[in-house]
Protein chains: 2
Amino acid sequence: MTIHTNHQAPSLTPATFEILLALADQERHGYGIMREVERRTEGVVKLGPGTLYGSIKRMLEAGIIEESGDRPDPEMDDDRRRYYRLTTQGRQVAIAEANRLQRQVHQAREKNLLLKLVG
Amino acid sequence: MTIHTNHQAPSLTPATFEILLALADQERHGYGIMREVERRTEGVVKLGPGTLYGSIKRMLEAGIIEESGDRPDPEMDDDRRRYYRLTTQGRQVAIAEANRLQRQVHQAREKNLLLKLVG
DNA sequence: GTTTATATATCGTCCGCTGATATATCGAGA
DNA sequence: TCTCGATATATCAGCGGACGATATATAAAC
């Protein structure tokens, strides 16, 4: 997985961006990422274990996420879990991708693929 | 290439959506699609011949684009060109994808990955 | 007439997605 | 306590799309 940090970067894979979005507001473990993505997309996007753990492995190697040593309250914790968070670079990559998607949505609106927000 | 027409469809590949966007406002031939994508994305997305003609072939088979018999003014034409346009299904697919991306951009904004439009 | 841009097409390689499979533990309820 | 579904992580083989390289040919420009 080659990550381009310059502002003219090719698109991330959809699965990678979904995981970055899931980690954007808080640290999560793998299974928690899976549930958050499913919840946020209303069941449209379902990351199977292959996609999930395969993506996590590649994103760790690319340096856009990292494992966190922090653990939640012991009563809420589970030893099996492995928690992840965005790196500084990972947040930059997520921001760049969000901007790219935003431009693409604007272009789709210009081509009348989206309903106008205001008359 | 499996295209899902229901409203809860998995994402298209980025290259496929770029081509749908290029054809959304007018018919174009392959090389014209390539230039339009490069122009619209300001050089960020460059479809090489493998991606371009491979994607066109798959999209034809999937029924989301079709070859057009229409030709422009003979003086502006070129016999080598093959013109394509969206099918009805292709436009529906493009609209569904644009809506999916719009939701994703909203979610990115909720997670503070995009600057707020209004304070 | 030579070169550059236009135009289409195929091929092999790489790599991410996916479902299947495996393993193990936690929590709830009978 | 036993069982079972949910939780949790991990690997693997197969498929399919992206991509660069390569090929071929014609139009346009100089």
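Student: Of the atoms of DNA strand C that lie within 4 Å of the protein, what share belongs to sugar or phosphate?
Tutor: This is a predicted model, in which local features need pLDDT of at least 70 and side-chain atom pairs count only at pLDDT 80 or more, while totals for chains, interfaces and linings use all residues, and side-chain values use heavy atoms, with hydrogens and water left out. Residues are numbered from 1 along each chain as its sequence is written, whereas chains are lettered from A and ligands numbered from 1 in the order in which they are written. Bases supply the rest of those atoms of strand C, and the share of sugar or phosphate is 65%.

Student: Which residue of chain B places an N or O atom of its side chain 2.3 Å from a phosphate oxygen of DNA strand C?
Tutor: Polar contacts here are pairs of N or O atoms within 3.5 Å; within protein, one must be able to donate a hydrogen and the other to accept it, and residues adjacent in sequence count only if both atoms are side-chain atoms. A phosphate oxygen of strand C is 3.2 Å from a polar backbone atom of B:Gly30, and a base oxygen is 2.5 Å from a side-chain N or O atom of B:Arg80. The residue at 2.3 Å from a phosphate oxygen is B:Arg81.

Student: Which element gives the largest share of the surface near DNA strand C?
Tutor: A residue is near a strand if one of its heavy atoms lies within 4 Å of it, and of the 21 residues around strand C, those that come nearest include A:Thr13 and B:Arg82. Elements are DSSP runs numbered from the N terminus, helices being H or I with at least four residues and strands E with at least two. The largest share, 5 residues, comes from H3(A).

Student: Around DNA strand D, which residue has a polar side-chain atom 2.6 Å from a base oxygen?
Tutor: Two phosphate oxygens can be set aside, since the question concerns a base: a polar side-chain atom of A:Tyr53 lies 3.1 Å from a phosphate oxygen of strand D, and one of B:Arg58 lies 2.7 Å from a phosphate oxygen. The residue whose polar side-chain atom lies 2.6 Å from a base oxygen is A:Arg80.

Student: What angle does the direction of helix H1 of chain A make with that of S3(A)?
Tutor: In chain A, 3 antiparallel strands form an open sheet in the order S1-S3-S2, where strands pair if DSSP finds at least two bridges between them. The edge strands are S1 (28–29) and S2 (65–67), each pairing on one side only. Helix H1 (residues 14–23) packs on this sheet and touches S1, S2 and S3 of chain A, contact meaning heavy atoms within 4.5 Å. With axes fitted to C-alpha atoms, for helices over the stretch in contact, and angles running from 0 to 180 degrees between N-to-C directions, the value is about 95 degrees.

Student: In chain B, which residue of S3(B) stands opposite B:Glu67?
Tutor: Strand S2 (residues 65–67) of chain B is joined to S3(B) by 3 bridges, and the two run antiparallel. B:His29 stands opposite B:Tyr83, whereas the residue opposite B:Glu67 is B:Tyr84.

Student: What is the relative accessible area of B:Arg100?
Tutor: B:Arg100 lies in helix H4 (residues 88–110) of chain B and touches B:Ala9 and B:Ser11, not counting residues up to four places away in sequence. Buried means under 20% relative accessible area, exposed over 50% and partly exposed in between, with a 1.4 Å probe and protein chains only. B:Arg100 is buried, because its relative accessible area is 13%.
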